[in-house]
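This briefing accompanies the sequence and structure shown below. The points that follow are grouped by topic.

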Amino acid sequence: MIGAQWGDEGKGKIVDWLASRADAVVRFQGGHNAGHTLVVGNQTYKLSLLPSGIVTGTLSIIGNGVVLDPWALQDEIAKLESQGVSITTENFALADNCSLILPLHRELDGLREAAAGAGKIGTTGRGIGPAYEDKVGRRAIRVCDLAHLDSLGPQLDRLCAHHDALRAGFGEQPVDRGALVASLREIAPFVLRYAQPVWKRLKKVRKAGARILFEGAQGVLLDVDHGTYPFVTSSNTVSGTAASGSGLGPAATGFVLGIVKAYTTRVGAGPFPTELEDAVGQKLGERGHEFGTVTGRKRRCGWFDAVLVRQSCAISGVTGIALTKLDVLDGFDSVKICTGYRLRGRILDYLPSHAGDQAQVEPIYEEVEGWHETTAGARSWADLPAQAIKYIQRVQELIETPVALVSTSPEREDTILVRDPFVD
Ligand code: GDP
Ligand code: IMO
Ligand code: MG
């Protein structure tokens with residue numbers, strides 16, 4: 001399961017709904033830049049790092065592809081436990097080869113954004129980019145290192161040599177190594193409790209015939225290769241990452257479910273062809289409560305962009321989509337769908353790679369009739385107004401991918417099952 005736009009498509013709600021049918025849920029990339037809101041009865045859960053399956057008590061695993069802030073993990077576990085969610089070594093495991101996000105990563109994220117001027121990406125400020133850089137640069141401290149802090153010396157030298165140079169450029173003090181090691185020593189027992197080679201656990205789970213749900217964070221348009229670079233996150237968010245980010249081979253991924261919002265939103269900077277900076281955009285934002293779960297930032301809103309979602313579905317090999325937040329479109333006289341772009345007099349049926357071109361493409365719209373009946377809370381196809389069904393059908397035609405699920409409210413059970421991802 002992956003997001004097929006710029007994140008916040010409603011992945012958390014769908015994973016939570018699917019989790020009761022799964023035996024394990026696995027996060028395979030990103031970190032606590034993700035923010036998912038799950039509504040179950042009168043309880044609301046907010047998750048960033050833990051797999052959304054934890055709320056149903058399903059075995060939840062953080063794979064090696066995730067960058068892990070141990071303090072964020074501790075806080076999130078404490079918060080969920082205070083809401084009655086049980087998190088134990090039975091239902092939660094953490095890859096011991098995960099790279100850590102350290103305070104120095106968060107600081108660097110902030111320093112870089114502050115210095116970037118017009119080139120600001122609008123990151124979540126969680127240190128995601130700097131942590132992935134250190135992982136690829138072979139400077140990271142990993143979860144397994146927490147059990148060997150006494151022999152951290154040479155690794156710390158590599159890490160600090162790099163960061164001290166960067167920090168000096170920003171006029172900052174060198175890393176306080178003593179404080180860093182002391183804080184790691186303090187948090188280590190908590191993290192190590194859950195740490196293990198999760199590829200082994202997953203191998204066992206898979207051998208037993210279990211159904212494994214891979215939970216992507218962010219969305220394909222934020223993918224570091226395929227997204228709107230450089231306005232992207234620092235991981236691969238496409239479905240293929242499920243294999244490398246968990247330690248299970250690609251054959252373990254079957255049905256690829258793309259989560260797609262019935263309109264479009266984006267947080268942070270970067271191109272957004274169908275963005276509406278008018279009353280309609282405002283209405284979408286208000287009806288959809290489009291404020292970030294992590295940073296509280298207002299999300300930019302716009303019409304559904306079929307060009308982008310068709311591209312995301314192709315790139316991620318999406319088998320079927322979950323169309324979410326259909327209810328937010330209730331009450332519009334007409335609704336627009338972007339079916340192509342105009343760029344310097346040319347018509348395009350895809351988003352070009354160059355950032356300048358991405359910023360310049362103009363959407364070509366198709367206008368369809370809206371509906372005034374409510375779809376909110378619909379749980380079967382028969383509950384949907386005819387025009388809403390027409391909209392869904394047009395969407396699946398344009399994105400060349402069938403609809404498997406439709407979501408009609410934040411509530412877990414307000415979900416229409418069209419095609420079961422675990423059966424097909
Ligand atoms: P995620 O990051 O993809 O998990 O999505 P977020 O949780 O950040 O944002 C989606 C928001 O929409 C959350 O507040 C959800 O509770 C809410 N939501 C999810 N599905 C629906 C839906 O079908 N209708 C409405 N109105 N809200 C929804
Ligand atoms: P979920 O999982 C929406 C965006 C940030 C910024 C860019 C880079 O809730 O869908 P980063 O902190 O990752 O370096 O920021 O990516 N971003 C998200 N936008 N939903 C998310 O996660 C996001 N995670 C990162 O706003 O534009
Ligand atoms: Mg989110």
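A charge is taken to sit over an aromatic ring if NZ of Lys or CZ of Arg is within 6 Å of the ring centre and within 35 degrees of the ring normal. In this predicted model, Arg211 is placed over the face of Phe422, at 4.9 Å from the ring centre. A further case is Lys283, which lies over the face of Phe332 at 4.2 Å from the ring centre. The points below turn to the metal site, the two other ligands, the strands and the aromatic pairs.

**Magnesium site**

- The magnesium ion (ligand 3) has Asp8 (OD) and Gly35 (O) as its protein donors, at 2.0 to 2.1 Å.
- Asp8 belongs to the loop between strand 1 and helix 1 (11–19), and Gly35 to the loop between strand 2 (24–27) and strand 3 (36–40), so the two donors tie together parts that are 27 residues apart in sequence.
- Gly35 has a relative accessible area of 13%; this value is under 20%, and Gly35 is therefore classed as buried.

**Surroundings of ligand 2**

- Ligand 2 is surrounded by 20 residues, of which Asp8, Lys11, Asn33, Thr124 and Thr233 come nearest.
- Asp8 places a polar backbone atom 2.8 Å from an oxygen atom of ligand 2.
- Asn33 contributes a polar side-chain atom, which lies 2.8 Å from an oxygen atom of ligand 2.
- Arg297 likewise has a polar side-chain atom, at 3.0 Å from an oxygen atom of ligand 2.

**Surroundings of ligand 1**

- There are 18 residues around ligand 1, and those that come nearest are Lys11, Gly35, His36, Asp327 and Ser407.
- For Ser407, an N or O atom of the side chain is 2.5 Å from an oxygen atom of ligand 1.
- For Asp327, an N or O atom of the side chain is 2.7 Å from a nitrogen atom of ligand 1.
- For Arg299, an N or O atom of the side chain is 3.1 Å from an oxygen atom of ligand 1.
- Some residues recur across these sites: Gly35 is a donor of the magnesium ion and is listed among the residues that come nearest to ligand 1.
- Asp8 is likewise a donor of the magnesium ion and is listed among the residues that come nearest to ligand 2.
- Lys11 is listed among the residues that come nearest to ligand 2 and also among those that come nearest to ligand 1.

**Open sheet**

- An open sheet of 5 strands has the order 1-11-15-19-20, with mixed pairing.
- Its edge strands are strand 1 (2–3) and strand 20 (415–417), each of which pairs on one side only.
- Strand 11 (residues 257–261) and strand 15 (residues 320–324) run parallel and are joined by 5 bridges.
- Within this pairing, Leu257 has Gly320 of strand 15 as its bridge partner.
- Lys261 also lies in strand 11, and its relative accessibility of 1% counts as buried.
- The C-alpha atoms of Lys261 and Phe304 are 7.9 Å apart in space, although the two are 43 residues apart in sequence.

**Hairpin of strand 3 and strand 4**

- Strand 3 pairs with strand 4 (residues 43–47) in the antiparallel sense, over 5 bridges.
- Val39 has Thr44 of strand 4 as its bridge partner.
- The hairpin has 2 residues between its strands, and Gly41 takes a positive phi near 60° there.

**Aromatic pairs**

- The model contains 6 aromatic pairs.
- The ring centres of Phe190 and Tyr194 are 5.7 Å apart and the planes stand at 75°, so this pair is edge-to-face.
- Phe190 is buried at a relative accessible area of 11%, and Tyr194 is buried at 3%.
- The ring centres of Trp371 and Tyr391 are 5.8 Å apart with the planes at 55°, so this pair is tilted.
- Trp371 lies in the loop between strand 18 (362–369) and helix 12 (386–399) and Tyr391 in helix 12, so that the pair links distant parts of the chain, 20 residues apart.
- Trp371 counts as buried at 1% relative accessibility, and Tyr391 is buried with a relative accessible area of 2%.
- Phe190 and Tyr194 also belong, together with Phe92, to one aromatic cluster.

Note on methods: Residues numbered from 1 in each chain as written. Chains lettered and ligands numbered in written order. Predicted model: local features only at pLDDT ≥ 70, side-chain atom pairs only at ≥ 80, totals over all residues. Heavy atoms only, no water. Pairing = 2+ DSSP bridges. Helix = DSSP H or I, 4+ residues; strand = E, 2+ residues; numbered from the N terminus. Donors = N, O, S within 2.8 Å, 3.2 Å for Na, K, Ca; no water. Buried < 20%, exposed > 50% of the residue type's maximum accessible area, 1.4 Å probe, protein only. Phe/Tyr/Trp six-rings, centres within 6.5 Å; stacked < 30°, edge-to-face > 60°. Near = heavy atom within 4 Å. Polar contact = N/O pair within 3.5 Å; in protein donor to acceptor, adjacent residues only side chain to side chain.
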